[in-house]
Number of protein chains: 2
Amino acid sequence: MPKLWTVPPTEAMRADGLRVAELDTSGTPGFTGGKKAGVPLLAERAQVLSDLQEKLYANGRAGGDRRNVLLILQGMDTAGKGGIVRHVIGSVDPQGVDHAAFGVPTPEESRHHYLWRIRKALPRAGQLGVFDRSHYEDVLVVRVHNLVPPTVWEPRYDEINAFEQELVDEGTSLVKVAMFVSLDEQKRRLAERLERTDKFWKFNPSDIDERAFWPAYQDAYQAVLDRTSTEYAPWHVVPADRKWFSRLAVTELLIAALERLDLDWPPATFDVEQQKRRLARA
Amino acid sequence: MPKLWTVPPTEAMRADGLRVAELDTSGTPGFTGGKKAGVPLLAERAQVLSDLQEKLYANGRAGGDRRNVLLILQGMDTAGKGGIVRHVIGSVDPQGVDHAAFGVPTPEESRHHYLWRIRKALPRAGQLGVFDRSHYEDVLVVRVHNLVPPTVWEPRYDEINAFEQELVDEGTSLVKVAMFVSLDEQKRRLAERLERTDKFWKFNPSDIDERAFWPAYQDAYQAVLDRTSTEYAPWHVVPADRKWFSRLAVTELLIAALERLDLDWPPATFDVEQQKRRLARA
């Protein structure tokens, strides 16, 4: 178990049975240290993550290993998804990262099945994929705002489970993370975006409108956790009021996923001693 | 001028008139410090690069600014292109990076014009694009190994210039970097890949074969510099025997390109005070 955790992060944040409305968004489930211990630990574990990612990449490139890891990030505005990308994914080699963000569908995307744009963005072999929002938007914002009738979004939970089973069968390890901040913390973060000229670009007046839909979003997230947290692709719920904790938590979840792949460096596909002799002469 | 440079990096490494065969690959053109000064300076300048990149990204996202920056990396095996991606590009937010590597063309790519795969990978507005190898392979390896006759590759120089003019007209700042290591340094780096089990995957026996083509590559690179270093898309030549220097040099070239864009944070597209009042009530 990683240092300072009393329960492995994969267990401590597992969604099973969790009630979204009752979540302590300022909690640090399973972690006994505070910020003072968490920040240096994050730097240390980022290096572990980076080393594991390089092995994944090496196996995809040279080892013919088609496996990969896909981090799916969901969360309300200001939950810190962008910070995870910048500070957690930012600690690994950019060559090995396939990043995609899913906003409001483009006109072209809208003409296709909602999984169309998702399939196009799936990570390549050996890559660490990151989805900033994902196909879950189609049972979250779409459900909350009645963008399609229930007869359309209702079957999507099963469809998503089938889709993810397919991904897992193809060699993808899914790390699904739902990040939650409190309404108060969200207000604080939105206020900051209105105070700083270097943050205006991150603000959208509709972010304030969305706050009125908080209970509906909680229900929609609850349904996602209840219906799409599977053995092969479980959800993890990360309290996100404390940025240092959410970053540490996601780092640990990624490390755990990579460790489960039991990766080694790809063996040489050539005679090492012979190549040394050739090189000496070249 | 950045600290410790006697000549601005953009000038000190400009390709104009440079003879590839005479290059001191262990040099640090324009830079007066050694490794001891260069390493901490690199960390400091990486932060400057990261801040500028965030402004570029912000303007692409919120400001409707279609401009972007594209780093084109060329260099022989072991020149350190991957290290630039990992250590220089790795210092900025992954969300703002569009990375593409161009290896031996796939069967599908081979059926198209050589610029087809390049056009598909061009960076989006506000992004920092990185090409690890590029369309220049089609006048480098292709020329050296006679993969097509001279009548085919010869017109490509002009075609590339026209293509790059088009990119610049569309708002792309091109930062073209050719990295050179000495044959001795390359031998040392290849030997390391044969000594360490965690490096085997980076080694390819054909890397040794390519060493025999060194003079032909020098000629091909010379033609690239002579014929495609334009006012609007100049080449920079970076001596790469010292990794800390090549990383610092590319960092400075990117900073200079971003500074030329004269970016500011996008202004608010909403009434800030009104939104503050709305937020207070929400």
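The second largest pocket holds about 420 Å³ of space. A pocket here is an open set of points on a 1 Å grid over the protein atoms alone, with protein on both sides within 12 Å along at least five of seven lines, and a lining residue has an atom within 4 Å of a point. Grid points are joined across faces, edges and corners, and a volume is the space filled by probe spheres set on the points. The pocket is lined by 21 residues, and those closest to its centre are A:Arg86, A:Gly90, A:Ser91, B:Gly90 and B:Ser91. Helix H2 (35–61) and helix H3 (81–87) of chain A, together with H2 and H3 of chain B, each supply at least two residues of this lining. Helices (H or I, at least four residues) and strands (E, at least two) are DSSP runs, numbered from the N terminus.

The model is predicted: local features need pLDDT of at least 70, side-chain atom pairs count only at pLDDT 80 or more, and totals for chains, interfaces and linings use all residues. Residues are numbered from 1 along each chain as its sequence is written, chains are lettered from A in the order in which they are written, and side-chain values use heavy atoms, with hydrogens and water left out.

A cavity is a set of points where a 1.4 Å probe fits but cannot get out. There are three cavities of 30 Å³ or more, and the largest has a volume of about 40 Å³. Both chains line the largest cavity, with residues including A:Ile89, A:Pro94, B:Ile89 and B:Pro94.

The table sorts three sets of residues by class. Ala, Val, Leu, Ile, Met, Phe, Trp, Tyr, Cys and Pro count as nonpolar, Asp, Glu, Lys and Arg as charged, and the others, Gly among them, as polar.

| Set | Residues by class |
|---|---|
| Lining of the second largest pocket | four nonpolar, ten polar, seven charged residues |
| Lining of the largest cavity | seven nonpolar, two polar, no charged residues |
| Side of chain B that touches chain A | 22 nonpolar, seven polar, 13 charged residues |

Next comes the interface. In chain B, 42 residues are in contact (heavy atoms within 4.5 Å) with 42 residues of chain A. The two chains bury about 4,100 Å² between them, 64% of it on carbon and sulfur atoms; buried area is the accessible area (1.4 Å probe) that two parts lose on being put together, summed over both. B:Arg86, B:Trp201 and B:Leu279 lose the most area to chain A on the chain B side, together 20% of what that side buries.

Eight salt bridges cross the interface, each a side-chain nitrogen of Lys or Arg within 4 Å of a carboxyl oxygen of Asp or Glu. A:Arg86 pairs with B:Asp93, their closest N and O atoms being 3.5 Å apart. A:Asp93 forms a salt bridge with B:Arg86, also with 3.5 Å between the closest N and O atoms.
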